[in-house]
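Please open the structure in your viewer and keep the selection tool at hand. We will go from the whole chain down to single residues.

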Amino acid sequence: MSLSTITALSPLDGRYAPKLAALRPIMSEHGYMHRRVQVEVVWFIALSDAGFDEFKPLTTGARAYLLGLVKNFSEADSAAIKEIEKTTNHDVKAVEYWIKSKFEARPELEKAAEFVHFACTSEDINNTSHALQLRSGRDQVVLPGLDRIVLKLREMAHAFADVPMLSRTHGQTASPTTVGKEIANVVMRLQTACEKIAAVKIMGKMNGAVGNYNAHLSAWPEFDWEAFSKKVIETQEPLGLGLTFQSYSIQIEPHDYMAELFDAVARANTILIDLSRDIWGYVSLGYFKQRLKAGEIGSSTMPHKVNPIDFENAEGNLGLANALLKHLSEKLPISRWQRDLTDSTVLRNMGVALGYAALAYASLLTGLNKLELNEEALDADLDAAWEVLAEPIQTVMRRFGVQGAYEKLKEVTRGKTVTAEALHGLIRSLEIPQAEKNRLLAMTPGSYTGKASELARRV
């Protein structure tokens, strides 16, 4: 059976492949190969500038050619490396051999070929490549996906800032809010989560087999290899990697920053699971309607149905993403002694975890864009919940020293169908100033929203 979108084992490369086009060049094995070539080339060029008699600075033409290998790296180049790997049975060595093969008929580069991968362990190349992948995945896919949701939610918070809505604490009728304020709550939470994701320092190390520069110092004992490595890692692209230098490691970079990043993404995802479930519930209550495209079918047997599938899809894929992200964050910082390979196979699934997250963001945004507010349903719910005004009435009673205010309202409202007339009769009987009675008599469930409108507009 040939591999295609309908035979792919993973739905990310099958059913949902078109939705992940932005992530695939970054987090695929091709993306990994690309970053390995980048790291090897950057290290090679930097070595030429280190001042060693044995490796003179490269000419401008040679530098341009090498940087071109990175800039123009193609799927065909990845395939060529994979072909070499069939012989080497070692993927990093295959990258090294591929780069050297590109030196043919270029005497300047052929002469310096042994400085490709000089003093590096495979993990010096791999950890920095993973870091470059994660930085791009975060900055080009994850954060933009979350930002689009934040922008849509902010737009909704402002548009619906004044639309009153019945709250439902513990699933029961509670003090009214506005639709915009409830959405604003999510905007603020999500903004904070995005800031945490963006603040994670993406780290890299290039310090040899066990983190001590052993091989480096065997070649040039007097050279400051730590400073050199830091410069390569922290210098901005294209002549550096633009990462944060990890000064202490075993053979592998400790992966603590990865755990921090994955946990931060998972926290944002958890907020979105909460949002997806709430909107699903509001659709069920009729607070929102959903627009359908012409020809779309909501249910195969019930023509009247428009199912909230985008929010269900988002919730399911956010759960899958978080399951993987949790495993990554718990597993990756653990390595037996100076190195074991349990992280290697796990790291190849970073793109899967972020893929499910990116898929969920797209589904959620699609769902949000389909929503239409049903103010009639919101008004009807509020009009059937006059009991929520027990709170302001008893609070005003307390202000004026009416004894047993809470208990009196509890007796009138708990477990009963409360009408406007019953509440108004109680208000008129209170021994409070007439101006306060008038204010309470003018209050409706829809007007009792506190600062909700102001808070909604503030985000």
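Here is a short tour, stop by stop, of what to select and what is there.

**Stop 1: the whole chain.** Show the protein as a cartoon, and bear in mind that this is a predicted model. You can trace 20 helices and six strands. Turn the view along the principal axes: the C-alpha trace spans about 100 × 55 × 40 Å. The radius of gyration is 31 Å, whereas a compact globule of 459 residues would have one near 23 Å. Of the contacts between residues at least 6 apart in sequence, 75% link residues at least 24 apart.

**Stop 2: the surface.** Now switch on the surface. The protein exposes about 22,700 Å², and carbon and sulfur atoms supply 53% of that area. Beneath it, 51% of the 459 residues count as buried. Colour by charge next, and you will find 52 positive and 56 negative side chains. The centres of these two sets lie 4 Å apart.

**Stop 3: helix H5.** Hide the surface and select residues 91–101, which form helix H5. Is this helix largely enclosed or largely open? It is largely enclosed by the rest of the structure, because eight of its 11 residues are buried. Show those side chains: Asp91, Val92, Ala94, Val95, Glu96, Trp98, Ile99 and Lys100. Then add what they pack against, namely helices H2 (29–48), H3 (60–71), H4 (75–88) and H7 (122–159).

**Stop 4: Ala79.** Stay with helix H4 and pick Ala79, which lies in it. Ala79 is partly exposed, with a relative accessible area of 45%. For a sense of distance, draw a line from the C-alpha of Ala79 to that of Asn317: the two are 31 Å apart in space and 238 residues apart in sequence.

**Stop 5: the nonpolar core.** In soluble globular proteins, nonpolar side chains tend to be buried together. Here the largest nonpolar core has 143 residues, and Phe44, Leu153 and Phe288 touch the most other members. Which helix gives the most to this core? Select residues 256–285: this is helix H11, which gives the most, with 15 residues.

**Stop 6: Phe288.** Finish by centring on Phe288 and showing what is around it. Beyond its neighbours within four places in sequence, Phe288 is in contact with Met156, Phe160, Val179, Tyr282 and Val283. Leu371, Glu372, Leu373 and Asn374 are also in contact with Phe288.

Note on methods
Residues are numbered from 1 along each chain as its sequence is written. This is a predicted model: local features need pLDDT of at least 70, side-chain atom pairs count only at pLDDT 80 or more; totals for chains, interfaces and linings use all residues. Side-chain values use heavy atoms; hydrogens and water are left out. Helices (H or I, at least four residues) and strands (E, at least two) are DSSP runs, numbered from the N terminus. The radius of gyration is taken over C-alpha atoms; the globule rule is 2.2 Å times the number of residues to the power 0.38. Buried means under 20% relative accessible area, exposed over 50%, partly exposed in between (1.4 Å probe, protein chains only). Contact means heavy atoms within 4.5 Å. Accessible areas come from the Shrake-Rupley method with a 1.4 Å probe; for residues, only the protein chains shown count as cover. Lys and Arg count as positive and Asp and Glu as negative; His and the chain ends are not counted. The place of a charge is taken as NZ of Lys, CZ of Arg, CG of Asp or CD of Glu. A nonpolar core is a set of buried Ala, Val, Leu, Ile, Met, Phe, Trp, Tyr and Cys residues joined through side-chain atoms within 4.5 Å.
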